Amino acid sequence: MPQNTSLDVRPLASGDRAAWEPLWQAYLEFYEHTLPDAVSDLTWARFGDPGEPMAALGAWDDSELVGICHYVLHRSTWASGTYCYLEDLFTVPAARGRGAGRALIEATAAAAREAGAEKLYWQTHTGNTAARALYDQVARHEGFLVYERPLD
Ligand SMILES: CC(C)(COP(=O)(O)OP(=O)(O)OC[C@H]1O[C@@H](n2cnc3c(N)ncnc32)[C@H](O)[C@@H]1OP(=O)(O)O)[C@@H](O)C(=O)NCCC(=O)NCCS
């Protein structure tokens, strides 16, 4: 499918909440996860707070939001600067294969570099073949596994 040359990737602004919400909910559904509204409200508020180390970017096709990603800057014991964790990436099914996912990753890398980050990284499920087909083109799989331990 041809790449979409009319895509515009930019930080989401406070007025974009209504456009962001369905993509955020669809992303949570993709992971079969639900979140209390209060957490989504807090997450959205943090994106708009310059004192918070997290932000959201959107890929727009004219007036339609077709993709979102969220990233978090954090300290590292291995660096004097920061690292950037790309926590969420989602494009609407109708827009897939047109370059929105790639454009969001590249825009995150640019924003992270601008913010002084030394590294951008992210994780995905081993079975997410669509995501991995993209990630293998724009980053290196270093071979690490992710372990999780929920804390009560
Ligand atoms: C993963 C995801 C973000 C990719 O978004 P996208 O907008 O389709 O990505 P792009 O159009 O930029 O794809 C770029 C490359 O990825 C590869 N790719 C993307 N989807 C693919 C698929 N379904 N099958 C095979 N390759 C695929 C293609 O090789 C494409 O390369 P090309 O430009 O040379 O053709 C999107 O499929 C998605 O939102 N999936 C559901 C949520 C998800 O998995 N998020 C990531 C969680 S870690």
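Entry 1, pairing. I count two strands as paired if DSSP finds at least two bridges between them. The model I am reading is predicted. I looked up strand 2 and strand 3 first, and they pair in the antiparallel sense over eight bridges. Within that pair, L57 stands opposite C69 in strand 3. I then took strand 3 with strand 4, where the sense is again antiparallel and the bridges number ten. Here I noted V72 opposite Y85 in strand 4.

Entry 2, the sheet. I traced an open sheet of five strands in the order 1-2-3-4-5, with mixed pairing. Its edges are strand 1 (7-11) and strand 5 (117-121), each of which pairs on one side only. I read an average turn of 25° between neighbouring strands, direction ignored. Helix 1 (residues 17-30) packs on this sheet and touches strand 2, strand 3 and strand 4. I found about 70° between the direction of helix 1 and that of strand 3.

Entry 3, hairpins. I found two residues between strand 2 and strand 3 in their hairpin. The hairpin of strand 3 and strand 4 also has two residues between its strands. D62 lies in the loop between strand 2 and strand 3. I noted its phi, which is positive at about 55° although D62 is not a glycine. Is D62 buried or exposed? It counts as exposed, because I find 8 C-beta neighbours inside 10 Å and the cut-off for exposed is 12 or fewer.

Entry 4, E32. I also noted a positive phi at E32, near 50°, in a residue other than glycine. E32 is found in the loop between helix 1 and helix 2 (37-47). E32 has 6 C-beta neighbours inside 10 Å and so counts as exposed.

Entry 5, the core. Which residues have the most contacts inside the largest nonpolar core? I list C69, Y71, L86 and L104, in a core of 23 residues. Strand 2 (54-61), strand 3 (64-76), strand 4 and helix 3 each give two or more residues to this core. I followed L104 outward, leaving aside residues up to four places away in sequence. L104 touches V9, L57, A59, G67, C69 and L89. C69 therefore appears here three times: among the core residues with the most contacts, as a contact of L104, and opposite L57 in the strand pairing.

Entry 6, W122. I located W122 in the loop between strand 5 and helix 4. W122 is partly exposed, because 17 other C-beta atoms lie within 10 Å, and a residue needs 20 or more to count as buried. Not counting residues up to four places away in sequence, W122 touches Y85 and L86. I also checked W122 against D88, 34 residues apart along the chain, and the C-alpha atoms are separated by 8.7 Å.

Entry 7, the ligand. I looked up the 17 residues around the ligand, of which G101, R102, A130, A133 and L134 come nearest. Which element gives the most to this shell? Helix 4 does, with four residues. Strand 4 (79-91), helix 3 (100-114) and helix 4 (129-138) each supply at least two residues. By residue class I read eight nonpolar, six polar and three charged. Strand 4 and helix 3 had already come up in the core entry, as elements that give two or more residues to the largest nonpolar core.

Definitions and conventions
Residues are numbered from 1 along each chain as its sequence is written. This is a predicted model: local features need pLDDT of at least 70, side-chain atom pairs count only at pLDDT 80 or more; totals for chains, interfaces and linings use all residues. A residue is near a molecule or strand if its C-beta atom, placed from the backbone, lies within 6 Å of it. Ala, Val, Leu, Ile, Met, Phe, Trp, Tyr, Cys and Pro count as nonpolar, Asp, Glu, Lys and Arg as charged, and the others, Gly among them, as polar. A nonpolar core is a set of buried Ala, Val, Leu, Ile, Met, Phe, Trp, Tyr and Cys residues joined through C-beta atoms within 7 Å. Two residues are in contact if their C-beta atoms, placed from the backbone, lie within 7 Å. Axes are lines fitted to C-alpha atoms, for helices over the stretch in contact, and angles run from 0 to 180 degrees between N-to-C directions.
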